[in-house]
Amino acid sequence: MSGTDALPISRPNRTAELLVPALLGGLILAYFALPFVAFLSRTGAANITAGLSTPETQHAIRNSLITAPIATAISTVLGVPLAYVLARRSFPGKRLVEGLVVLPLIVPPVVGGAMIITAVGRFTPIGSAAAAVGVPLTDSLLGVVLAQTFVAAPFVIITARAGFGAIDERLEQASRSLGYGPLATFRNVSLPLAHGAILAGIVLTFARAIGEFGATMMVAYNPRTMPTRIWVDFIAGGIDAIVPLALTLLGITLVVLAAVQRLARVPTVIDR
Amino acid sequence: MTLELEGVSHRYGDELAVSDVSFGAEPGELVGLLGPSGCGKTTLVQAIAGHVRPTAGRILLRGDDVTDTPPERRHVSVVFQRPTLYPHMTVSENVAYGLAARGMDREERDARTRDYLDLVDLEEQCDSYPTELSGGQQRRVELARALAPQPDVLLLDEPLSGLDPTLRERLRDEIARIQRETGVTTLFVTHDQEDAMALADRLVVMNDGRVAGSGHPRRLYDSPPTPFVASFLGRSNTLSGTVVNQDPLTVAFGDAELSLDGTNLRRSEGETVLCHVRPKDLSFAPAETNGASVSVTGEVKRIVDLGRRYDVTLETRTGDEVVVEEPARPPSRDESVSVSVPGDCVTVFDGEQSDSSRLS
């Protein structure tokens with residue numbers, strides 16, 4: 001009875017409630033969409049196939065497709081266990097570790113790149129030692145991977161940590177009591193239950209890695225990746241010159257995103 | 001003893017959660033661990049399961065000290081308050097989970113899984129996912145999963161809380177039946193005294209991290225060793241009285257005197273004692289003249305109609321608040337009434353001390 005009484009009164013309120021977020025949200029959404037649409041509208045003017053057929057461009061695509069997955073894999077393999085420990089344990093110095101994890105997010109990429117050079121550059125002990133055995137850490141694909149990992153790894157760590165944190169610890173305790181050690185419990189329970197969050201983190205990390213410019217430019221301006229190539233093309237030929245490569249970069253990221261989302265549906269996923 | 005706790009204490013930082021707790025469980029026994037929220041019950045469960053290392057004391061399983069043994073090597077199964085079924089596994093995969101860990105081959109595992117799903121009457125749901133089951137069914141699967149590896153000890157940590165009353169009672173009966181059929185040594189942890197009384201062979205009542213009393217449920221209820229047990233195990237009224245005579249012990253409530261024969265409690269005249277009496281033992285009938293009961297007068301403050309009875313709260317002339325359970329016709333508010341307190345239903349406590357004497 002109160003439902004029918006309350007409806008006429010509450011309806012105008014409901015609309016007003018939604019009005020403010022709709023207006024504010026609409027503004028920011030329009031601001032996201034506008035540059036996108038404006039940029040895409042330039043595609044007609046550019047000759048995409050011609051733009052993508054130069055050897056420089058193809059090298060850049062190849063380099064990006066080699067380095068970004070490697071950086072993502074390194075970030076995931078090293079980062080996910082760390083994320084689990086951060087979600088589950090408290091230990092002395094945990095705050096410091098948490099600070100270190102977000103440090104690459106706070107530091108501007110170009111500064112991050114400068115920091116990497118000061119640590120592993122050609123004239124540092126590590127850098128010169130590596131160069132001496134034939135694996136230079138700067139101006140090489142390895143340098144690109146180092147820069148990408150530095151900038152992109154926090155995404156998978158932070159997202160996976162949130163995913164592990166959302167699992168009720170008792171599910172893991174039950175597994176231990178049912179006879180499984182910590183590693184088996186991680187594999188059987190924690191990992192499958194957090195896999196949605198981990199995959200989301202992997203996608204974010206990959207997108208960040210393949211689009212990485214600032215740190216990469218400092219650490220390995222050569223060999224060119226897609227973002228550094230885009231910069232070079234832009235300096236030489238303006239907006240229209242970069243449209244083909246920019247669209248390819250966007251396309252790759254979207255394909256990876258779609259593929260991962262698709263993949264995540266395959267096992268019995270819990271929509272939560 | 002299948003399970004034994006020896007002087008177990010645990011601190012979280014500066015806070016003492018459990019203090020010097022010792023009790024045990026005989027093979028096949030169902031021990032109820034009863035206490036209010038925050039009394040340290042869950043810490044004990046965690047310690048027995050091996051998820052918490054107690055700061056002091058020992059935990060023994062079948063005579064072996066397991067205080068430092070990791071949970072996976074203890075053979076202790078836990079059913080938690082909130083469901084912990086694995087949402088990415090089917091019902092039978094959940095039940096079989098603990099069997100695979102023990103290296104059981106597939107055929108045996110399937111047979112055992114079927115047996116235990118049969119035990120909780122859920123064979124039909126074996127291919128469902130936990131989210132497709134009702135709350136009660138989830139609890140039963142959880143029981144099956146905990147029991148399938150045939151643990152030495154089953155820990156039930158508030159398995160009935162959060163269920164509606166009908167389901168709660170049904171599941172309680174189910175737990176009693178399953179425990180009887182499997183004969184598994186069980187520690188049933190609850191804050192609900194009715195659940196504890198209904199299920200347990202033996203009760204351990206905890207308060208503030210310590211054991212406040214233990215024993216057979218009915219004996220604990222009838223002759224509580226401490227005021228806490230008296231008030232937590234069922235309802236209890238506290239009347240403060242003054243000792244007016246030692247032999248026989250006679251206590252005065254205002255100007256009414258009650259002679260408590262057969263007590264061995266030694267109190268000097270003029271001392272104040274606490275007398276506990278259950279609301280169900282009080283009545284508005286006039287006191288018997290033979291001195292076996294006494295009339296206490298007071299004014300009716302509140303009357304609550306609970307359907308099957310009335311709870312009448314009155315304030316006595318000495319300032320104590322007393323609840324009387326009255327099945328039929330309650331007095332009216334502000335009415336001055338006298339309540340008959342039967343001497344053989346009174347337990348005398350010495351202030352805050354735990355020694356007591358049952359008069360009978």
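These legends walk through several close-up views of a predicted model with chains A and B.

**View 1. Here is how chain A divides up.** The domain assignment splits chain A into domain 1, residues 1-41, and domain 2, residues 48-265. Measure from centre to centre over the C-alpha atoms, and these two domains of chain A sit 35 Å apart. UniProt, in an unreviewed entry, lists residues 61-258 of chain A under "domain: ABC transmembrane type-1". That stretch of chain A is 82% helix and 0% strand, and the C-alpha atoms at its ends are 19 Å apart.

**View 2. Now zoom in on the second largest pocket.** This pocket holds about 480 Å³ of space. Its lining counts 21 residues, and the ones closest to the pocket's centre are Tyr84(A), Arg89(A), Glu169(A), Arg176(A) and Pro182(A). Which elements give two or more residues to the lining? They are three helices of chain A: H3 (55-88), H8 (169-177) and H9 (182-210). Sort the lining residues by class and you get 7 nonpolar, 6 polar and 8 charged.

**View 3. This is where chain A meets chain B.** On the chain A side, 20 residues take part in the contact, and chain B brings 27 residues. Together the two chains bury about 2100 Å², with 57% of that area on carbon and sulfur atoms. Look for Arg170(A), Ser177(A) and Leu178(A): this trio supplies 33% of the area that chain A buries against chain B, more than any other three residues.

**View 4. Chain B has two domains of its own.** Domain 1 of chain B runs over residues 3-230, and domain 2 over residues 236-350. Their centres, taken over C-alpha atoms, are 39 Å apart. Where the two domains touch, domain 1 of chain B contributes 7 residues and domain 2 of chain B contributes 6 residues. The area buried between them is about 570 Å², and carbon and sulfur atoms give 57% of it. Three residues to spot here are Tyr221(B), Pro227(B) and Ala230(B), which supply 77% of what domain 1 of chain B buries against domain 2, more than any other three residues.

**View 5. Take a look at the stretch of chain B that UniProt labels.** The record, again an unreviewed entry, gives residues 3-233 of chain B as "domain: ABC transporter". Over those residues, chain B is 36% helix and 26% strand, with 24 Å between the C-alpha atoms at the two ends.

**View 6. Next up is the largest cavity.** Rolling a probe the size of a water molecule over the atoms shows where empty space is left. The count comes to 3 cavities of 30 Å³ or more, and the largest cavity has about 50 Å³ of space. Among the residues lining the largest cavity are Leu143(B), Leu154(B), Ile175(B), Gln179(B) and Thr186(B). Helix H4 (135-147), strand E7 (153-157) and helix H5 (165-182) of chain B each give two or more residues to this lining. H5(B) gives the most, with 4 residues. By class, the lining of the largest cavity has 7 nonpolar residues, 3 polar and no charged ones.

**View 7. Last, peek into the second largest cavity.** There is about 40 Å³ of space in the second largest cavity. Its lining includes Leu239(B), Leu282(B), Val296(B), Thr316(B) and Val341(B). Strands E16 (310-316) and E18 (336-342) of chain B are the elements that give two or more residues to this lining. How many charged residues does the lining have? It has no charged residues, alongside 7 nonpolar and 1 polar.

Definitions and conventions:
Residues numbered from 1 in each chain as written. Chains lettered and ligands numbered in written order. Predicted model: local features only at pLDDT ≥ 70, side-chain atom pairs only at ≥ 80, totals over all residues. Heavy atoms only, no water. 1 Å grid on protein atoms, 1.4 Å probe; cavity = no way out; pocket = protein on both sides within 12 Å on 5 of 7 lines; lining within 4 Å. Points joined across faces, edges and corners; volume = space filled by probe spheres on them. Nonpolar A, V, L, I, M, F, W, Y, C, P; charged D, E, K, R; others polar. UniProt positions renumbered as here; feature names shortened; annotations may be inferred. Domains from an automatic or database assignment. Contact = heavy atoms within 4.5 Å. Buried area = accessible area lost by both parts, 1.4 Å probe.
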